[in-house]
Amino acid sequence: MELEAFLESVDGELERAWGSATAAGEAPENALAPVWSVAAAQGWTGLAEDGAVDAVVGAAGRAGRVACPVPLVDVFVAGELFSDDHSVAEQITTGAIRPVAAVADADVLVVHHVEAASVATHLLLLGTDRAVLRPIAERTVTAGLAKPDWSEVTPAAEVTADVSPGSAAIERAKALLRLGLVARAVGAAERTLELSIAHAKDRVAFGKPIGSFQAVSHRAADGATAIAASQQLISEAVSARIAGRADSDLAAELAVAFAGPAAVRVQFDAQHTLAAQGYFEEHEAPWLFRRVNADVASLDEIPLAAGEVADVLVETAVRMPALQLGAEAEEFRREVREFLGRRGRDVAVRHADDRLTEEEAAAVRERGYLTMAWPLEAGGMAASVEKQTVLGEEFSYARFPLSGKAAVDLLGTAVLRHGTEEQKERLLPLIGRGDFPFYLGYSEPETGSDLAALRTRAVRDGDEWVVDGRKMWGTNAHNAEWVWLAARTDPDATPPHAGITVFLTRVDRPGFELQRHRALSGETSCSTFFDDFRVPDSDRVGEVNGGWKVITTALAQERVLMANIAAEILRLLDDMLAEIRKDPGGTVGARGSAKRALITQLAARLQAARVLVNAGIRATSAGDGARLEAPMAKIIASVLYEDFGEAALRIFGPAAALGETVPGVPGRGAFEYNLRLSIMHVVGGGTIDIQRNLVARALGLPR
């Protein structure tokens, strides 16, 4: 709350001293002077004294929203580097010294592309292991994209202050400068996105708001997803820095690698929605456009010695930064890893029909892993959502099948909340053992993700229901003994989803048939047919016509399941890196290669999905179940899954297209298999277009 209050005050002061984004074009050359004065008066220039990285990066983002290039992060970095020189530190805090940073040797003659030079007093020159403050002698404005204009700056001969903190400290300073630039760019892109969404709600074309056109609404949903992921990545990088984690610079670079390109794309897409409305300079959008692109371009002026994300991952044994779920959950993670490590499974591919051995299944049950989410009175552990997430992540990463967990989480949870006492006594012991073969009877030929449009009918006949209809894409239906069946019991219900009822019933009765289909991934899925199929009313879960609430409960594990998908991609990335490290130069080339750039993109997008999942988990733990991180994470992770498999073919060539039975295949066949499997992640559980629709509705866009 303290940070939130600070950022609100930043908004207010920027509005008074600067105004809106249009000020970037209307303001005179020294327009930043009053902003810098406010920054000093409000203590923004003294944030380094308290180590308030979250405050300064947050303030940079708020400045981006009004296209104001006040170099707060430059000031912060100078304050950190010269903290032991009390006289210099005090002058930075009071605004007597107004530094702008540049990566250059101490004796540089001219520095190009300098932001805010018209009101700065000093250059902060960052060398390999040395930082120097030199007064600015001359400034020459260089007009172009950035507004206010950049300048070429000649430093004076004298040195105001000089410190040699070592290369690690300099790299740390540069990493923060880069993070500050993308935070500001993301702030500008976010503001433009907001303007475009408001425009999409009001602008009418062809008789309806343009926000009702799917191209516009999906563009907005993708933009909101990218902004949310960028902000979470920036927040994660800030937290890592404050905590002093060894991987904080890598966390910052992952944020930069994702958020920089994301801000540019969001800005372009928002401009497309605004169309002519946002093309002319009386609107905020053109000035925000300049800010986004100028800030992202400036990243090239601050190179890191460690290189890009791919260089760090390929050239060292460093792994992707861990995302902490709290002390209790991380202690549980150590327990689960020890459990998995003792079992010694080492497979490249986990197939859909893989099952635990009897010994493994007994050990899983003994530890209570299957039913850990259930309440104590039902034989569970009442485990937190964080611990549930850890279990899914670790088993998925280890490619260790957790037979029966889907039935426990989806069906068991729904029976606990909506079932009768008789159903609980009859079904929960069966489900909880982990041997409850079932399939989901949701999708139909004409109603894939649109469950409200179900056509399978269930008609009451005394103590039974007579079911007629067809279900599609029933994974594992050929081995199933039970079906979790959604059927329409009121064909005239308004809205349509109000007429659905759910049943959990056995399939070994007359009137049930199936037809097998082999999926692209090799797994078996089925069409199932119900012809006068009779279901006892005792198998109805929940109220008649109350199935929508039951289905919603069964899908409540979405965030945990998304964590599993992110863990699977993390394992693929680690497999890829292990293969590349055998011959980095021969496989992906030298620094700056296209293949290394591809790895950076994959890693950054993966981290974006992971932070969105974690944000959703934290929201769920706090009782806020209405957040959008889960559909946003699916949008990012599902497309990444596809792109990852395709990228493996580009990196390793045709060898990566060989299967797991061929000796010496890169990744032991994991890349080929998961490329085929990836389509399922995009279309299963509600296609990503449906997820985009969910996000768009939450943004207030019309249907």
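His113 is partly exposed, with a relative accessibility of 41%, and this residue of the predicted model belongs to strand 2, which covers residues 111–114. The backbone at His113 is of some interest, since its phi is near 60°, a positive value in a residue other than glycine. A second residue with a positive phi is Ala116, where the angle is about 60° although the residue is not a glycine. Ala116 sits in the loop between strand 2 and strand 3 (122–126). Which side of the burial cut-off does Ala116 fall on, buried or exposed? Its relative accessible area is 4%, and because buried means under 20%, Ala116 counts as buried.

**Backbone geometry elsewhere**

As background to these angles, most residues other than glycine have a negative phi, and most peptide bonds are trans. Against that background, a cis peptide bond joins Lys147 and Pro148, with omega at about -5°, and Pro148 is placed in the loop between strand 4 (131–142) and strand 5 (150–155). Another cis peptide bond links Thr494 to Pro495, with omega again about -5°, and here Pro495 is located in the loop between strand 12 (482–488) and strand 13 (500–506).

**Helix packing**

Two packed helices are described by the angle between their axes and the distance between the axes. Helix 1 (residues 2–17) packs with helix 3 (residues 32–41) at an angle of about 150°, and the two axes are 9 Å apart. Angles over 145 degrees count as roughly antiparallel, and helix 1 and helix 3 are therefore roughly antiparallel to each other. The crossing of helix 1 and helix 3 is right-handed. On the side of helix 1 the contact is made by Glu13, Leu14 and Ala17, and on the side of helix 3 by Pro34, Val35 and Val38. By residue class, the contact of helix 1 with helix 3 comprises 5 nonpolar, no polar and 1 charged.

How are helix 8 and helix 20 oriented to each other, roughly parallel or roughly perpendicular? The axes of helix 8 (residues 214–242) and helix 20 (residues 594–621) come within 9 Å and cross at roughly 85°, and because angles of 65 to 115 degrees count as roughly perpendicular, helix 8 and helix 20 are described as roughly perpendicular to each other. Helix 8 contributes Ala228, Ala229, Gln232, Leu233 and Glu236, which meet Ala604, Gln607, Ala608, Val611, Leu612, Ala615 and Arg618 of helix 20. The residues of this contact between helix 8 and helix 20 fall into 8 nonpolar, 2 polar and 2 charged.

**Two buried residues of helix 7**

Leu195 is found in helix 7, which runs over residues 167–202, and its relative accessibility of 16% places it among the buried residues. Leaving out residues up to four places away in sequence, Leu195 touches Leu274, His283, Glu284 and Leu288. Between Leu195 and Gly64 the C-alpha to C-alpha distance is 14 Å, while the separation in sequence is 131 residues.

Glu190 is also in helix 7, and this charged residue counts as buried at a relative accessible area of 19%. When neighbours within four places in sequence are set aside, Glu190 is in contact with Arg65, Ile227 and Gln231.

**Aromatic pairs**

The structure holds 13 aromatic pairs, and two of them are set out in the table below.

| Pair | Centre to centre | Angle between planes | Arrangement |
|---|---|---|---|
| Phe395 and Phe400 | 5.4 Å | 90° | edge-to-face |
| Phe652 and Phe671 | 5.5 Å | 10° | stacked |

Phe652 belongs to helix 21 (residues 629–652) and Phe671 to helix 22 (residues 670–683), so the pair ties together parts that are 19 residues apart in sequence. The relative accessible area of Phe652 is 15%, which makes it a buried residue, and Phe671 is buried as well, at 2% relative accessibility.

In the edge-to-face pair, Phe395 is buried at 2% relative accessibility, and Phe400 is buried at 1%. Which aromatic residues form one cluster with Phe395 and Phe400? The cluster is completed by Phe332, Phe339 and Tyr369.

Conventions
Residues are numbered from 1 along each chain as its sequence is written. This is a predicted model: local features need pLDDT of at least 70, side-chain atom pairs count only at pLDDT 80 or more; totals for chains, interfaces and linings use all residues. Side-chain values use heavy atoms; hydrogens and water are left out. Helices (H or I, at least four residues) and strands (E, at least two) are DSSP runs, numbered from the N terminus. Buried means under 20% relative accessible area, exposed over 50%, partly exposed in between (1.4 Å probe, protein chains only). Contact means heavy atoms within 4.5 Å. Axes are lines fitted to C-alpha atoms, for helices over the stretch in contact, and angles run from 0 to 180 degrees between N-to-C directions. Angles under 35 degrees count as roughly parallel, over 145 as roughly antiparallel, 65 to 115 as roughly perpendicular and the rest as oblique. A crossing is left-handed if the near helix is turned anticlockwise from the far one by less than a right angle, and right-handed if clockwise. Rings of Phe, Tyr and Trp (its six-membered ring) pair if their centres lie within 6.5 Å; planes under 30 degrees apart count as stacked, over 60 as edge-to-face and the rest as tilted.
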